[in-house]
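This report considers selected local features of one protein model. The sequence and the structure are shown first, and the discussion follows.

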Amino acid sequence: MILDLHNHSIKSDDGRAKVENYCKWIAKRGLDLDGFVLSEHRQYDSASDYRALEDEYGILILKASEVETEYGHVLLFGVNEDLEHAFDFADVRNPPDRVLRETTNGADTHPDCVRALDQAIALCESLGHRVEVTTLSLDKQAVARATQSIISGNLLSVLEDRADDVGREFGKDDVENFTYIMTEAVRKHGASDYARAIRTIHAVGREIEGVMQRFDLLLSPTMAAPPMKLGVLSLSNPDLAELITALSQTVGYTQIFNASGHPAISLPLHWNDAGLPIGIQFIAGHGNEGLLFQLASQIEQAQPWNDRRAPPVDR
């Protein structure tokens, strides 16, 4: 007997096909299958009766369940009434989510963002997730140098190309102050510096993917500070110390995943005393965007935010 052992219908949260559609597809393709197994996610569908479809299409339709464990997804066959009473298919704990409490560039984290993270951890645990604290084994100084080299190098090449188009060199008055500083600094670098920077960023991607092989998700504050006043992040801000500090806090938790290419999502799960939203970032493994959408849906149902608005700003 030949069976397809792993199928999901619309009864699963990620299923898109009706059971009859499977039957029609198998018949149309003339597949050499005696039947298939519906292994629905986090449930065992004992109520549905598919005998009419079995008779109509001459195919066997069996049932199983796909549950989540600390070791990954497991297909569970041979479910009987005793197991249904003894086992809650929907409450199997996921592999742990990992929490990042420190920025990856050394920027300090504002207390509002720490409180937001603590509340997000409590929310995730209340929804059945197991959460652990972790750090990433990264050379922060090497990553900072690599990031600066790549961004500044690309910025300089764009401005030089534009200068060629208009027939003159660009000067300090043509761009923002900080943009000009970046392009001047990178002129001291050579091709080997750029190649070294690329290797560093690739190594970051491998390091993070190694972590993601062991855990479902990482979570952290989205930024290391609450939303900032207009003008603080302007590249024309004359106060360079304020600008650099603000930029570091803005990207302290996000830039590393931009570099590694891992999918991430930011959810507004906390509001500080000023009524401003504080985001929480969730990061998944490569190609696992679906898990982020599933988690976001679960969290939004538990703690909706669509009716929240920041207050008007006094000018």
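In which helix is the place of I244?

## A nonpolar surface patch

In this predicted model, I244 has its place in helix 8, which spans residues 240-251. I244 is partly exposed, because its relative accessible area is 42%, and the range for that class lies between 20% and 50%.

On the surface, I244 joins I181 and L240 in a nonpolar patch. Together, these three residues have about 210 Å² of accessible area.

## Strand 2 and its pairing

Strand 2 comprises residues 35-41 and is mostly covered, with 7 of its 7 residues buried. Cover is found on both faces of the strand: G35, V37, S39 and H41 are buried on one side, while F36, L38 and E40 are buried on the other.

Strand 1, residues 3-7, runs parallel to strand 2, and 3 bridges join the two. Within this pairing, L3 stands opposite G35 of strand 2.

## An aromatic pair

How many aromatic pairs are counted? The count comes to 1 aromatic pair. Its members are Y22 and F36, whose ring centres are 5.6 Å apart. The planes of the two rings meet at 45°, so the pair is classed as tilted.

This pair links distant parts of the chain: Y22 belongs to helix 1 (residues 19-29) and F36 to strand 2, with the two residues 14 residues apart. Are Y22 and F36 buried or exposed? Both Y22 and F36 are buried.

Conventions: Residues are numbered from 1 along each chain as its sequence is written. This is a predicted model: local features need pLDDT of at least 70, side-chain atom pairs count only at pLDDT 80 or more; totals for chains, interfaces and linings use all residues. Side-chain values use heavy atoms; hydrogens and water are left out. Buried means under 20% relative accessible area, exposed over 50%, partly exposed in between (1.4 Å probe, protein chains only). Helices (H or I, at least four residues) and strands (E, at least two) are DSSP runs, numbered from the N terminus. Two strands pair if DSSP finds at least two bridges between them. Patches are made of residues with over 30% relative accessible area and no salt bridge: like charges are joined within 9 Å, nonpolar side chains (Val, Leu, Ile, Met, Phe, Trp, Tyr) within 5 Å. Accessible areas come from the Shrake-Rupley method with a 1.4 Å probe; for residues, only the protein chains shown count as cover. A salt bridge is a side-chain nitrogen of Lys or Arg within 4 Å of a carboxyl oxygen of Asp or Glu. Rings of Phe, Tyr and Trp (its six-membered ring) pair if their centres lie within 6.5 Å; planes under 30 degrees apart count as stacked, over 60 as edge-to-face and the rest as tilted.
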